[in-house]
Amino acid sequence: MDGTAIIVILAIAGVASVLLFAVKGLLDQVPDVIDSAGRARDAWDRFKKPGATAPPQQDQEPPAAA
């Protein structure tokens, strides 16, 4: 009976440590997910309003002075 109790306690501790490790890994990814969501929202806003933030034209030559 004493051996069974020790095995059960060790099993519970092992499961708890694996769960904590998995939760820590998940929480470490949250800031990256939030940043990606912000970038996706900004891209969607730019897509919906393409004329508001047009990129500068760099391929054209400046006008010649007369």
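**Surface.** I began with the accessible surface of this predicted model, and I noted that the protein exposes about 6500 Å², of which carbon and sulfur atoms supply 68%. I then looked up how much of the chain is covered, and found that buried residues make up 2% of the 66 residues in the protein.

**Secondary structure.** I went through the elements next, and the protein has one helix and zero strands. The helix, H1, covers residues 2-48.

**Nonpolar patch.** Which residues make the nonpolar surface patch of about 360 Å²? I listed Val23, Leu27, Val30 and Ile34 as its members. Of these I looked at Val30, which has its place in helix H1. Is Val30 buried, partly exposed or exposed? Its relative accessibility is 37%, and because the partly exposed class runs between 20% and 50%, I entered Val30 as partly exposed.

**Aromatic rings.** I searched for paired rings and the count came to one aromatic pair. The partners are Trp44 and Phe47, whose ring centres lie 5.5 Å apart with the planes at 35 degrees, so I recorded the pair as tilted. My reasoning was that planes under 30 degrees apart would count as stacked and planes over 60 as edge-to-face, so an angle outside both ranges is left as tilted. I also checked where the partners sit along the chain: Trp44 and Phe47 are both in helix H1, and because they are three residues apart, about one helical turn separates them.

**Phe47.** Last, I looked up the cover on one ring of the pair, and with a relative accessible area of 59%, Phe47 is exposed, since that class begins over 50%.

Notes. Residues numbered from 1 in each chain as written. Predicted model: local features only at pLDDT ≥ 70, side-chain atom pairs only at ≥ 80, totals over all residues. Heavy atoms only, no water. Patch = residues over 30% accessible without salt bridge, like charges linked within 9 Å, V, L, I, M, F, W, Y side chains within 5 Å. Areas by Shrake-Rupley, 256 points an atom, 1.4 Å probe, with all protein chains shown as cover. Salt bridge = Lys/Arg side-chain N within 4 Å of Asp/Glu carboxyl O. Helix = DSSP H or I, 4+ residues; strand = E, 2+ residues; numbered from the N terminus. Buried < 20%, exposed > 50% of the residue type's maximum accessible area, 1.4 Å probe, protein only. Phe/Tyr/Trp six-rings, centres within 6.5 Å; stacked < 30°, edge-to-face > 60°.
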